[in-house]
Amino acid sequence: MSEQAMTGSSMPATNAGLPAVLRAVRLTKAFGGLVAVKEVDFEVKQGSITSLIGPNGAGKTTLFNVIAGLSEPTSGYIEFLGQRVVATPERGWLEPILWILPAGLAWLLTYLVGSVASPDVDVIQILVLTGLALLIATLITAVIRPAWYNRLLGALGIFKSARPNDMVQAGIGRTFQNIRLFANMTALENVLVGMHVQLKASPLDAVLRTPKQRREEASSTDEARRLLRYVGLRRDDELARNLPYGDQRRLEIARALATKPKLLLLDEPTAGMNPSETDLMMALFGRIRKEMNLPILLIEHDMRVVMGISDSVTVLDHGEKISEGTPADVRADARVIEAYLGKGAI
Amino acid sequence: MSTPATPTPKRPAAKRPQGLRLGQTATGRFFGRHQSFSIIVAMSIVTAVLPLIVLAPGIKSFGTQNDFVDGFAQAGVWVLLAIGLNIVVGLAGLLDLGYAAFFAIGAYTYAYGASPFSHNHVAFWLMLLVGAAVAATAGLLLGAPTLRLRGDYLAIVTLGFGEIVPVVFRNSDTYTNGTNGITALYQPSLPQQGPLFFLPSLSFMPNFASWVPNLPGMPKFGLFAGSFGFGNPWPYYLTVAAIIALTMILAYRLQDSRLGRAWMAIREDELAAASMGINTVTTKLLAFALGASTSGLAGVYLSSKLSIVSPTQFGFTVSFTVLAMVVLGGMGNIWGVAAGAFVIYEIQSQGLKQLNLLWYHQANAPSFHLPIVNIDLSTVNFLDYQYLLYGLALVSMMLLRPEGLFPSRRRRAELHDIEDAGASNQELVEA
């Protein structure tokens with residue numbers, strides 16, 4: 001988050017015509033026979049706050065986890081900034097061929113050299129070992145899946161669903177329903193971990209303490225402190241688990257903001273808070289949207305929050321989308337009232 | 001619409017103003033800023049002071065100063081192993097019970113690189129790098145299939161790997177000489193001339209060895225403490241001290257870097273770490289590889305010192321002992337595990353010998369003559385009770401001081417704040 005973004009221009013009042021940042025298309029996630037999310041379509045528009053609500057067990061968190069790359073969908077896909085990132089894998093059978101290709105070529109060369117030229121034992125040995133080294137290197141690359149490997153797969157028409165860390169790299173920051181801070185790290189360190197993808201210093205830089213690494217450490221520490229102040233935290237060196245509950249929620253948001261997201265996923269950010277803390281939280285979301293122009297996707301049970309800050313609300317029940325629209329529309333929707341209160345309430 | 005009832009978590013009572021403030025004092029800031037320099041100075045002082053132990057009163061001499069120095073040189077191996085395992089277990093939180101495998105791989109790499117058996121003779125100094133690299137590759141190979149495992153399951157798989165490697169070395173007779181092991185490994189050599197001792201000696205360089213005065217009680221101190229050999233432990237002792245200092249610097253620098261934070265984050269909560277953009281695969285593999293490379297260094301050094309490698313040297317007891325050293329020393333604290341390893345090794349190898357010397361066949365040793373058994377303490381061989389002592393030490397430590405003898409500040413806070421606060425916020429939230 002740069003200085004400029006923090007003090008940037010304010011949001012337009014309406015965002016009806018804005019492009020979608022995130023789009024879920026016919027997204028289905030089944031756990032065995034249980035269909036947790038069923039054919040859900042929805043989108044988050046640039047600069048808007050979209051809420052995802054529904055009774056307990058409606059599939060909100062499952063949907064969140066699919067978006068964040070934690071689990072692969074059964075069918076359907078997620079598009080983020082126009083790129084299909086999460087979907088069921090395609091042409092996966094091609095990948096193992098890719099793994100043995102370099103080693104296979106080396107061994108083929110060994111065979112050719114052995115049969116054509118005069119067989120020099122040293123050359124043969126070196127070639128065979130080179131093949132083995134290539135095989136190990138390719139397999140480890142495949143396990144690590146660096147960005148260039150993903151691009152290579154894409155070029156070959158192989159699609160693999162993004163992992164959580166790929167989604168962060170793509171620009172999705174998230175918080176968790178039950179706070180998952182790094183409990184035994186300080187508040188500052190938590191935010192620094194959030195900056196992980198922004199930092200470019202390699203382990204070699206760290207070992208040699210290169211000027212690049214030292215500069216980066218210093219600037220990221222400043223940046224982390226600024227983020228902590230931004231969400232309203234002062235105790236940088238406190239262990240995360242010693243922070244009061246409300247501060248832990250704030251720290252989680254600061255940590256998510258540190259990933260420089262283009263979309264922020266918040267899973268019940270005001271759960272367990274009292275009304276005044278909730279108000280402070282809502283003010284923070286408003287500021288984040290306004291000052292950083294950052295779209296937010298929110299799961300929330302507190303209707304005061306949902307109705308107070310959302311631009312658009314999507315209602316899930318039993319894994320299906322039953323309503324969508326502005327808070328006022330959704331509030332008036334008979335199906336929503338039925339889902340929450342039962343048939344007799346209508 | 002009704003909001004589902006969320007149990008309001010209990011808030012912790014008024015906050016105690018206490019944080020993890022590191023490097024807030026003037027000395028703390030100095031050592032924080034000049035860490036590598038501090039490590040070199042500290043290691044130099046330790047290296048210089050340790051051999052003076054023979055002058056201490058009350059130490060029964062069962063040998064010469066050389067015997068003590070030889071013991072210290074041997075202890076250095078364990079210090080190295082503990083520093084390496086600390087990266088895997090203490091920082092990244094991956095319980096590795098097969099650590100001896102990488103030790104074996106390092107040792108056999110040296111045996112293959114410098115022994116009459118293999119007809120190769122590569123310089124020891126180069127083999128240190130090769131051994132570390134080979135062990136790191138083995139670490140990657142072990143790490144890759146175990147990435148999805150954690151806790152007990154990871155421990156079981158690494159335990160299996162630790163058992164497999166010595167068996168492979170024992171059974172591949174053609175390459176490792178089987179159960180007999182490879183003997184008569186070349187010992188390191190150090191050309192007496194020139195600071196670039198690993199290069200062929202340059203004749204125009206002055207003979208630095210002649211410049212170093214002979215200090216009383218310290219034969220030929222300095223880099224030029226004579227040549228490596230069974231009768232002269234000094235060069236080994238100095239070499240291992242230098243390797244330890246270097247490894248410590250690297251470990252500290254990694255720990256304080258982006259990678260170190262990623263390790264800690266994975267230890268704390270792997271899923272949250274992945275959701276913060278950390279590639280958990282790369283991070284864990286790096287922990288395995290770097291831990292293994294330290295073990296490989298120790299293996300190369302030990303095999304060159306003993307001049308023999310055999311599969312029996314690298315059993316489960318090695319993995320277990322190193323783990324016990326890390327836990328006893330204070331997981332996560334580099335100086336702590338190094339000190340823990342040194343203390344434990346010295347107790348088991350020298351301390352017990354000292355006890356034997358004090359007790360054995362002493363007239364005034366107590367003996368109990370009971371109706372059935374005669375317990376005569378004067379005939380007890382304390383060396384036989386080494387593992388009993390381990391067990392006792394571990395159990396009593398878990399009860400009295402679970403964070404280890406020399407814990408890091410973080411670890412101490414981790415284990416003691418919970419008692420103070422009753423339950424952590426984290427647990428309240430998740431309840």
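pLDDT is the predictor's confidence in each residue, from 0 to 100. The model in these exercises is predicted.

**Exercise 1. Confidence in chain A**

Task: State the mean pLDDT of chain A, then find which element has the lowest mean and which the highest.

Solution:
- Step 1. Chain A has a mean pLDDT of 87. Of its residues, 94% reach 70 or more.
- Step 2. Go through the elements. Helix α1(A), residues 3-6, has the lowest mean pLDDT, 39. The highest, 94, belongs to α7(A).
- Step 3. Turn to residues 1-15 of chain A. There pLDDT stays under 50. The model has 21 contacts beyond four places in sequence for this stretch.
- Step 4. Where pLDDT is low, predicted coordinates should not be read in detail.

**Exercise 2. The four-stranded sheet**

Task: Give the strand order of the open sheet of four strands in chain A and name its edge strands.

Solution:
- Step 1. The order is β2-β1-β4-β5 in chain A, with antiparallel pairing.
- Step 2. Look for strands that pair on one side only. These are β2 (34-45) and β5 (83-87) of chain A, the edge strands.
- Step 3. From one strand to the next, the twist averages 20°.
- Step 4. Check one pair. Strand β1(A), residues 20-31, is joined to β2(A) by eight bridges. In that pair, A:Lys29 has A:Val37 of β2(A) as its bridge partner.

**Exercise 3. The six-stranded sheet**

Task: Describe the open sheet of six strands in chain A, then place the helices α2(A) and α14(A) on its strands.

Solution:
- Step 1. The order reads β6-β7-β8-β3-β9-β10 in chain A, and the pairing is mixed.
- Step 2. The edges are β6 (172-174) and β10 of chain A.
- Step 3. Find a parallel pair. β6(A) runs parallel to β7(A), residues 263-267, with three bridges between them. A:Gly173 stands opposite A:Leu264 in β7(A).
- Step 4. Find an antiparallel pair. Five bridges link β9(A), residues 312-317, to β10(A), residues 320-325. A:Val313 has A:Gly325 as its bridge partner in β10(A). The hairpin of these strands has two residues between them, and A:His318 takes a positive phi near 50°.
- Step 5. Add the helices. α2(A), residues 60-67, lies across β3, β7, β8 and β9 of chain A, at about 150° to β7(A). α14(A), residues 334-341, lies across β9 and β10 of chain A, at about 130° to β10(A).

**Exercise 4. A helix pair in chain B**

Task: Decide whether α3(B) and α11(B) are roughly parallel or antiparallel, and classify the residues of their contact.

Solution:
- Step 1. The axes of α3(B), residues 65-91, and α11(B), residues 280-306, come within 8 Å and cross at roughly 170°.
- Step 2. Angles over 145 degrees count as roughly antiparallel. The two helices, α3(B) and α11(B), are therefore roughly antiparallel.
- Step 3. Locate the contact. On α3(B), residues including B:Leu80, B:Gly84 and B:Ile87 meet residues of α11(B), among them B:Phe288, B:Gly291 and B:Tyr301.
- Step 4. By class, the contact of α3(B) with α11(B) has 16 nonpolar, four polar and one charged.

**Exercise 5. Where chain A touches chain B**

Task: How many residues does each chain give to the contact, and which helix of chain A supplies the largest share?

Solution:
- Step 1. Chain A gives 52 residues and chain B 50.
- Step 2. In chain A, α4, α6, α7, α8 and α10 each supply at least two residues.
- Step 3. α4(A) has the largest share, five residues.
- Step 4. The side of chain A that touches chain B has 28 nonpolar, 13 polar and eleven charged residues.

Methods:
Residues are numbered from 1 along each chain as its sequence is written. Chains are lettered from A and ligands numbered from 1 in the order in which they are written. This is a predicted model: local features need pLDDT of at least 70, side-chain atom pairs count only at pLDDT 80 or more; totals for chains, interfaces and linings use all residues. Two strands pair if DSSP finds at least two bridges between them. Axes are lines fitted to C-alpha atoms, for helices over the stretch in contact, and angles run from 0 to 180 degrees between N-to-C directions. Angles under 35 degrees count as roughly parallel, over 145 as roughly antiparallel, 65 to 115 as roughly perpendicular and the rest as oblique. Two residues are in contact if their C-beta atoms, placed from the backbone, lie within 7 Å. Ala, Val, Leu, Ile, Met, Phe, Trp, Tyr, Cys and Pro count as nonpolar, Asp, Glu, Lys and Arg as charged, and the others, Gly among them, as polar.
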